Amino acid sequence: MMEKTTSEDPACSTEETATESAKVPTAEPPREAAVSESTGEEQVPKPQAPAPQAPAAPATTKSAPPSEDVPSAPLLLTLEDVSNSSVTVSWEPPESLGRLGLQGYVLELCREGASEWVPVSARPMMVTQQTVRNLALGDKLLLRVSAVSSAGAGPPAMLDQPVHIRENIEAPKIRVPRHLRQTHIRQVGETVNLQIPFQGKPKPQATWTHNGHALDSQRVSVRTGDQDSILFIRSAQRSDSGRYELTVHVEGLEAKAAIDILVIEKPGPPSSIQLLDVWGCNAALQWTPPQDTGNTELLGYTVQKADKKTGQWFTVLERYHPTTCTISDLIIGNSYSFRVFSENLCGLSASATVTKELAHIQKADIAAKPKGFIERDFSEAPSFTQPLADHTSTPGYSTQLFCSVRASPKPKIIWMKNKMEIQGNPKYRALSEQGVCTLEIRKPSPFDSGVYTCKAINVLGEASVDCRLEVKASATH
């Protein structure tokens, strides 16, 4: 058996199919055929100018050679590849090569609707795969191949169906931008401009639907190019919300992509508000959700209060989700109004719902309830909390002695020197204030040295403290 060769074999061109004269094969190929074989590329043969030696069909001869001298038909003629300008076929060697041996194969083509078979190459080629190039886009060709010996061409093997030369088909694919893979949110009045890239060959056909129905051409514009499709809405309305589906078709193949668009606006205010109760410095409110949420879910409510005297509004709660609340820390004696806004992604509602009644924070009636007072007896016998301290003084300089006493009732204070009272002596001055007893000795002399005593006496008892005073004599020379 003969080995299969491909179009890349340098020894013989894959595009060339040798065709000798079916009646009388020539001993050596024409010069033109040899040149064509050396190039390795086959041009599209022109049916109107076939080679003079080529017959209309290799199978038609004036006198059929003996069947044992010519090869049988090649086996398994297969279409390998089709592009927009070429076609590649392959086959297997015939079962019978004939008594005279095999000289090669002749590949022929015939355009659909024509009756003339045109050989692809000038002489037979010892290959089992060939590529025909430079074909016209849109052609439909019939292909057949025959094995040739020196006795002539054997019966051909033919493809069952015509080969359609057309552009390569690339399955469509849609590339949805990342920011459009989630719900695309726009506000009422804003523009919607979606550019969706896609790919595919030949040029894809793109169609859009809105919630499964055709687009409203009066509101939505679509421009489709070779590589993308643009959906444009000049002024979005809430009715434009929904699912937009892009479908791209290529030769019976399709790809789909869905984009969700949500057009929203500010919500309406709560439907109603009621002042439930007022107690102490607190007020309880209740309201009902708005009838119009702006085509999206609410983020919550904003609650504000205003004093009747000033009329200024202050925010108490923000993005508050329940529909009841208690407002505390209100000022006693003031009257308050309350209002509630709804809020969504677009912001607060244009208006608020205000309470019809005022919340009056009244002063509580306070009644004094004095408890029975038990008078305490503070009577106390004298006791010294700070005793007298021994002291040394210099002659000629006044000095003072201090002590402190506690007693109730107020005690009588008596000062003594060496157990003798010194009351009325102008040399001494005694003071007593807030329990602090002071004895001032004016310009003492060594004669004033001695033991001084302070005695405190009241009706409950008495107490005394002592100290020694030393007045040093001046040094004599």
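**Exercise 1. In this predicted model, determine which residue of β12 stands opposite I174, and then describe the sheet to which β12 belongs.**

*Solution.* Start at the residue pair: I174 stands opposite F198, which belongs to β12. Next, consider the strands themselves, where β10 and β12 run antiparallel and are joined by three bridges. Widening the view, one finds an open sheet of four strands in the order β10-β12-β16-β15, with antiparallel pairing. The edges are taken by β10 (170-174) and β15, each of which has a single partner strand, so one side of each is left without a neighbour in the sheet. From one strand to the next, the twist averages 20°.

**Exercise 2. Identify the residues that touch the most other members of the largest nonpolar core, and state which elements give two or more residues to this core.**

*Solution.* The largest nonpolar core holds 21 residues, and those touching the most other members are I174, L194, I196 and L231. Turning to the elements, two or more residues come from each of β12 (192-201), β13 (205-210), β16 (228-233), β17 (242-250) and β18 (253-264). Of these, β18 gives the largest share, namely five residues. To see one of the members in its surroundings, take L194, which touches L180, H184, S229, I230, L231, I259 and I261 when residues up to four places away in sequence are not counted. Finally, there is a second core, separate from this one, whose 20 residues include L388, I413, C437 and L469.

**Exercise 3. Work out which parts of the chain are tied together by the salt bridge between D240 and R219, and decide whether each of the two residues is buried or exposed, or in between.**

*Solution.* The geometry comes first: the closest N and O atoms of D240 and R219 are 2.6 Å apart, and the two residues form a salt bridge. D240 lies in the loop between β16 and β17, whereas R219 lies in the loop between β14 (213-214) and β15 (220-224), so the pair ties together parts that are 21 residues apart in sequence. For the accessibility step, buried means under 20% relative accessible area. D240, with a relative accessible area of 4%, is therefore buried, while R219, at 30% relative accessibility, counts as partly exposed.

**Exercise 4. Carry out an analysis for the pair D260 and R243 and for the pair R406 and E380, and place these bridges within the search of the whole structure.**

*Solution.* The side chains of D260 and R243 meet in a salt bridge with an N to O distance of 2.9 Å. Because D260 lies in strand β18 and R243 in strand β17, the pair ties together parts that are 17 residues apart in sequence. D260 counts as partly exposed at 26% relative accessibility, and R243 is partly exposed with a relative accessible area of 43%.

For the second pair, R406 forms a salt bridge with E380, and their closest N and O atoms are 3.0 Å apart. R406 lies in strand β30 (residues 399-408) and E380 in strand β28 (residues 380-386), so this pair ties together parts that are 26 residues apart in sequence. R406 is partly exposed, with a relative accessible area of 47%, and E380 is partly exposed, with a relative accessible area of 26%. Elsewhere, R238, E265 and D292 are joined into one network by salt bridges that share partners. The search of the whole structure finds 13 salt bridges.

**Exercise 5. Establish how β30 pairs with β28 and with β34, and then describe the surroundings of L401.**

*Solution.* Begin with β28, which is joined to β30 by four bridges and runs antiparallel to it; here F384 stands opposite V405 in β30. Then take strand β34 (residues 436-441), which pairs with β30 in the antiparallel sense over six bridges, with E440 in β34 as the bridge partner of Q400. L401 has its place in strand β30 and is buried, with a relative accessible area of 3%. Leaving aside neighbours within four places in sequence, L401 is in contact with L388, H391, W415, C437, T438, L439, I441, Y452 and C467. As a last step, consider L401 and Y452, which are 51 residues apart along the chain and whose C-alpha atoms are separated by 8.9 Å.

Methods. Residues numbered from 1 in each chain as written. Predicted model: local features only at pLDDT ≥ 70, side-chain atom pairs only at ≥ 80, totals over all residues. Heavy atoms only, no water. Core = buried A, V, L, I, M, F, W, Y, C linked by side-chain atoms within 4.5 Å. Buried < 20%, exposed > 50% of the residue type's maximum accessible area, 1.4 Å probe, protein only. Contact = heavy atoms within 4.5 Å. Salt bridge = Lys/Arg side-chain N within 4 Å of Asp/Glu carboxyl O. Pairing = 2+ DSSP bridges. Axes fitted to C-alpha atoms, helices over the stretch in contact; angles between N-to-C directions.
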